[in-house]
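Q: I have a model open here and would like to go through it piece by piece. Can we start with one of the helices?

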Amino acid sequence: MSTLTQSNLVKNDNYWQGRWQSAAQRFAVTNPATGELLAEVADATPAQAQQAVSAAAEAFGSWSALPAAERSALLLRWQQLLLAHQDELALLLTLEQGKPLAEAKGEIAYGASYLQWFAEEAKRVYGDTIPAPAADKRILVIKQPVGVVTAITPWNFPNAMIARKAAAALAAGCTFVVKPAQQTPLSALALAELAAQAGIPAGVFNVLASTDAKGIGAVLTKDPLVAKCSFTGSTQVGKTLLAQCAEGVKRVSMELGGNAPFIVFEDADLDAAVQGLMASKFRNAGQTCVCTNRVYVQASVLPQFSQKLQQAVAALRIGNGTAPGIDLGPLIDEAACQKVHSLVQDAMTAGAELICGGQRQHSSGLFYLPTILTGVNAAMAVVQQEIFGPVVALQSFDSEAEVLAKANATEHGLAAYFYSRDIGRIFRVSEGLSYGMVGVNEGIISNAAAPFGGVKQSGYGREGSKYGLEDYLTIKYICLGGLA
């Protein structure tokens, strides 16, 4: 953290109404790789959350009335500042979240890409004219911003998850209040500093860091001034927030848990499949909502695939994300380590075979070794639950119909992946997988131009793409009469 002490991007107060706001209490933010104290951050209260929502409501009128081209220019300026400070932002992100510095730099660029995308889309909010039923009438359809948008974001992508929500909301003409995860508030506060530097008006973008998730969440979902809530996180928490939003019949976007299958057919390019699995499984030490969770390999190629995978996993370098050449950083906290280890131990007790890993790098610390299990079956918790760690659980299958049934046998439906070179199979399986996103011969599928989101208990709504702006707009029908 010493390298950032002089940076004006390191903030430890919250931000609303265009000002840095303190609080009576503070909470510690630590580096998961070292345990080092990074900052003592203002712990916002529900009363302060109401102030932030009120500030956003006050700013909504002028922001929504601003011409789209001017909102676009401000978002582009914000995007340019993110890229200009990419190295500082990436280091800050690595220090509080743990992912390797190269991944952190990629996340900053990824977050900035949403600001650019929606800056461009802001100027393309089109309406319609519809043929009227009578000669003296005209039917117009316009789109307007929903109003004040609140967001609750996770710790695994502390920059990008905020950027892609805020970019769409601001582009549509909404104002925005976000509660970042308490493990990673510094990236959110740095975004607020750059928003101010970009000229985003007071009250338009507001950040509330807090340990009172329940109290702040209640305000962000129930306050009458809030029009919409966007959440990325667990299905369990999402259901609670949905219930709270239902009281006020508020708009919601929910990007919830996943249980992604990764299927390797016998006709696949096995080297490419291993490369795709490594990217999908081990990015951010397996701590992403679209991470591969269940790996199905056709029985005829399982031995060959497993050998190639073991070689690739053995080459992974684990350690502090600020060190050069690191592939895997720490898990986010002690609870995460205990959960991952418990899933591995449960699988082994139930008959799975441990090929490598299966323990922490050291007796203490938050580093968990990359792990491969074979002989896994559908009854095991490691298959039923979202792992959120660097564990590959291998299963075999014989037929396409069998693996489709296994892949779809989950309440979740966020992302799925498969590798095949059979063009007919590519279409059949792509259409047969009950998921919002499917990667075919590709392990990394997220980008600003594509609609990100799931089905079933993985939520609804889409982020990114031309569809992502629609979630922040309402449709208004205007009937003009007496025109004869």
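Q: Which residues of helix α7 are buried?
A: This is a predicted model, so take what follows as computed from it. In helix α7, residues 213–222, the buried ones are Gly215, Ile216, Gly217, Val219, Leu220 and Thr221.

Q: What covers the buried residues of α7?
A: The cover includes two helices, α1 (46–65) and α8 (235–247), along with the strands β7 (148–152), β8 (175–179) and β10 (226–232).

Q: Switching to cores. Which residues touch the most other members in the largest nonpolar core?
A: Val41, Trp78, Leu82, Leu170, Phe176, Ile200 and Phe205 do, in a core of 65 residues. Helix α5 (residues 160–172) gives the largest share of this core, with 10 residues.

Q: What is Phe205 in contact with, leaving aside its neighbours within four places in sequence?
A: Phe205 contacts Tyr15, Trp78, Ile162, Ala166, Phe176, Val178, Ala188, Leu191, Ala192, Ala195 and Ile200. Two of those come up again in the aromatic list: Trp78, Phe176 and Phe205 are linked into a cluster by ring pairs.

Q: And which residues does the second core include?
A: That core is separate and has 56 residues, among them Ala33, Ile332, Val344 and Val376.

Q: Back to the rings, then. How many aromatic pairs are there in the whole structure?
A: The search finds nine. One of the pairs is Tyr15 with Trp20, whose ring centres are 4.8 Å apart; the planes meet at 55 degrees, so this pair counts as tilted.

Q: Tyr15 and Trp20: buried or exposed?
A: Tyr15 is buried, at 6% relative accessible area. Trp20 is partly exposed, at 29%.

Q: What sort of pair do Phe265 and Phe397 form?
A: An edge-to-face one, with 5.5 Å from centre to centre and 85 degrees between the planes. Phe265 sits in the loop between β12 and α9 (270–282), while Phe397 belongs to strand β16, so the pair ties together parts 132 residues apart in sequence.

Q: Are those two rings buried or exposed?
A: Phe265 is buried, with a relative accessible area of 0%. Phe397 is buried as well, at 1%.

Q: Which lysines lie over the face of a ring?
A: Lys99 lies over the face of Phe157, 3.9 Å from the ring centre. Lys456 lies over the face of Tyr435, with 5.7 Å to the ring centre.

Q: Now the sheets. What is the strand order in the seven-stranded one?
A: The order is β14-β15-β16-β13-β12-β17-β18, in an open sheet with mixed pairing. At the edges are β14 (353–356) and β18 (437–440); each has a single partner strand, so one side of each has no neighbour in the sheet. Neighbouring strands here are turned by 25 degrees against each other on average, direction ignored.

Q: How do β12 and β13 run, and how many bridges join them?
A: They run parallel, with five bridges between strand β12 (residues 260–264) and strand β13 (residues 292–298). One of the bridge partnerships is Ala260 with Thr292 of β13.

Q: Which helices pack on that sheet?
A: Helix α10 (residues 302–314) is one of them, touching β12, β13, β14, β15 (371–374) and β16 (391–397). The direction of α10 makes about 170 degrees with that of β16. Helix α13 (residues 400–408) also packs there, touching β12, β13 and β16, and its direction makes about 170 degrees with that of β13.

Q: There's a three-stranded sheet too. What order is that in?
A: β5-β6-β20, an open sheet with antiparallel pairing. The edge strands are β5 (128–130) and β20 (473–480), and each has a single partner, so one side of each is left without a neighbour in the sheet. The average turn between neighbouring strands of this sheet is 25 degrees, direction ignored.

Q: How many bridges does β6 make with β5, and how many with β20?
A: β5 and β6 (residues 138–145) pair over three bridges. Eight bridges join β6 to β20.

Q: Which residues are the bridge partners of Ile130 and Lys143?
A: Ile130 has Ile139 of β6 as its bridge partner. For Lys143, the partner in β20 is Ile475.

Technical notes. Residues are numbered from 1 along each chain as its sequence is written. This is a predicted model: local features need pLDDT of at least 70, side-chain atom pairs count only at pLDDT 80 or more; totals for chains, interfaces and linings use all residues. Side-chain values use heavy atoms; hydrogens and water are left out. Two strands pair if DSSP finds at least two bridges between them. Helices (H or I, at least four residues) and strands (E, at least two) are DSSP runs, numbered from the N terminus. Axes are lines fitted to C-alpha atoms, for helices over the stretch in contact, and angles run from 0 to 180 degrees between N-to-C directions. Contact means heavy atoms within 4.5 Å. A nonpolar core is a set of buried Ala, Val, Leu, Ile, Met, Phe, Trp, Tyr and Cys residues joined through side-chain atoms within 4.5 Å. Buried means under 20% relative accessible area, exposed over 50%, partly exposed in between (1.4 Å probe, protein chains only). Rings of Phe, Tyr and Trp (its six-membered ring) pair if their centres lie within 6.5 Å; planes under 30 degrees apart count as stacked, over 60 as edge-to-face and the rest as tilted. A charge sits over a ring if NZ of Lys or CZ of Arg is within 6 Å of the ring centre and within 35 degrees of the ring normal.
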